[in-house]
Amino acid sequence: PFLKQPRPAGARVCSASQRAVAHLAVLPDIEAAMLRGVALAVLSVVGMVGATAEVHGAKVALFALSPIQTHGAGLALRCGADNGAGLHNMGRFLHLQKGWSLLHWLHRRGRASIAGCLQSAAQGGGDVKRKNIAVHVTRSAETAQRKRHPWLFESDIRRLSHEGNPGDVAVVFDSKKQYLSVGLYDPYSPIRVRVLHHNEKASIDADLVSNRVRQAAMARDGVLPADTDGFRVINGENDGLGGLVVDRYGNTLVAKFYTSAWLVWIETLTHALVDTMGAERVVMLMSRQMQKLPPSVLMGYSHGCILHGPPLPDGVLTFVECGITFECDPIRGQKTGFFLDQRENRMRVEKISKGMSVLNVFSYTGGFSLYAARGGASQVTSVDISTPATEAAMRNFGLNQDLPAAGGRTVGQCRH
């Protein structure tokens, strides 16, 4: 019935979406009901039905039926009727709260033909194309780019070839229209472009992103301390992936995004992380600035959503650093749940704490305190304004009560 509706003049039609909707005719009633909301969303993007019908149908179909409890299906696709990026983003937007995408669910139910149609649309199939943005910069920005600066600020840009969407590829040129660099565009950040490659021309695609993830993993191979499964996997610009930090806690990867430019690349990143790191779970965090963006920009993703794997058990993870066991709360905690970048400083404190009385101010969950205790401190006092943090510090001490400490003692013998 949807396909029989007259198409408004000038509206786009994507053959991938038409094929997906056509499959509804052969589905059992319950599956057809569930997918009807998706069909309405697709057709809203290409301008064939109104936003109201799309939102209502999607909410009914996607919220009412388990096994698919979706996250945030207010469906920002309603703003995509005249936006070519809307259909491209569709598959990434329809992301399930428990880590399953609609496409995966369809494959598991033996509906690979429908999944393929939707995936084709989501990956830029049909008539929808994403255009690169030509970015012409100021003289001072030219100098910075030649020195391989990883950012372009809003004030660095003289003009754009056209207004872009988050995640569009931005090609940077000097005043003589000579190529300088290429990166990802973010119209919602003062840092308009996160530069991924300088000087020589390069394609920003899934291969480049996957290679950067693999290179980051190789750089850490063989350099970590013994008995450590909590460490930084990707360190933003230092690993050629500006605006993205990924920390590992045991079998879980926590990815924190500082720019909406990565949103359309999340599936590529997730697959690369899982394939390279062998993680059981990938959790998505957002910077505070990103969390303030409208749902239509966030494509259904949210702070704390699961990109891959099972839900977090009670929201808490445990990991080991240099033989000390810690718990962390990636969603409600600081940073990604723990200050992994302070490992070497904690190790130094351990070496100078034997027989000492140690005061740890702004202690968070007691990382430095535990290292001091293992170093043979007679007493450690942890001070923090956050009650949940100090409670976590006490639990961390409990996890390590029997851990051997300097001077023939145990961690539990240190007064805390």
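Is Arg395 buried, partly exposed or exposed? At 41% relative accessibility, Arg395 counts as partly exposed. This value, like those that follow, is computed from a predicted model.

## The Glu327–Arg395 salt bridge

Arg395 forms a salt bridge with Glu327, and the closest N and O atoms of the two are 2.8 Å apart. Glu327 belongs to strand β13 (residues 324-328) and Arg395 to helix α14 (residues 387-399), so this pair ties together parts that are 68 residues apart in sequence. Unlike its partly exposed partner, Glu327 is buried, with a relative accessible area of 13%; the cut-off for a buried residue is under 20%.

## Other salt bridges

In total, the structure holds 12 salt bridges. One of them joins the side chains of Arg192 and Glu154, at 3.1 Å from N to O. The two residues are 38 residues apart and link distant parts of the chain: Arg192 is in strand β6 (residues 191-198), and Glu154 is in the loop between β2 (151-153) and β3 (157-160). Here the arginine, Arg192, is buried at 14% relative accessibility, whereas Glu154 is partly exposed at 47%.

A further salt bridge connects Asp247 with Arg232, whose closest N and O atoms are 2.7 Å apart. This pair also links distant parts of the chain, with Asp247 in strand β8 (residues 244-249), Arg232 in strand β7 (residues 230-235), and their positions 15 residues apart. Asp247 has 0% relative accessibility and counts as buried; Arg232, at 25%, counts as partly exposed. Elsewhere, salt bridges link Glu142, Arg146 and Asp174 in a network.

## The largest nonpolar core

The largest nonpolar core comprises 45 residues, of which Phe257, Trp262, Met284 and Tyr301 touch the most other members. Helix α9 (residues 266-277) gives the most to this core, contributing six residues. Both domain 1 (132-198) and domain 2 (206-318) supply residues to this core, so it lies between them.

Which residues is Met284 in contact with, leaving aside its neighbours within four places in sequence? The contacts of Met284 are Ala255, Phe257, Leu263, Ile266, Tyr301, Ser302, His303, Gly304, Cys305 and Leu307. Two of these partners, Phe257 and Tyr301, are themselves listed with Met284 as residues that touch the most other members of the core.

## A separate core

Apart from the largest nonpolar core lies another core, of 25 residues. Its members include Val254, Ile306, Leu312 and Leu317.

Conventions
Residues are numbered from 1 along each chain as its sequence is written. This is a predicted model: local features need pLDDT of at least 70, side-chain atom pairs count only at pLDDT 80 or more; totals for chains, interfaces and linings use all residues. Side-chain values use heavy atoms; hydrogens and water are left out. A nonpolar core is a set of buried Ala, Val, Leu, Ile, Met, Phe, Trp, Tyr and Cys residues joined through side-chain atoms within 4.5 Å. Buried means under 20% relative accessible area, exposed over 50%, partly exposed in between (1.4 Å probe, protein chains only). Helices (H or I, at least four residues) and strands (E, at least two) are DSSP runs, numbered from the N terminus. Domain bounds come from an automatic or database domain assignment. Contact means heavy atoms within 4.5 Å. A salt bridge is a side-chain nitrogen of Lys or Arg within 4 Å of a carboxyl oxygen of Asp or Glu.
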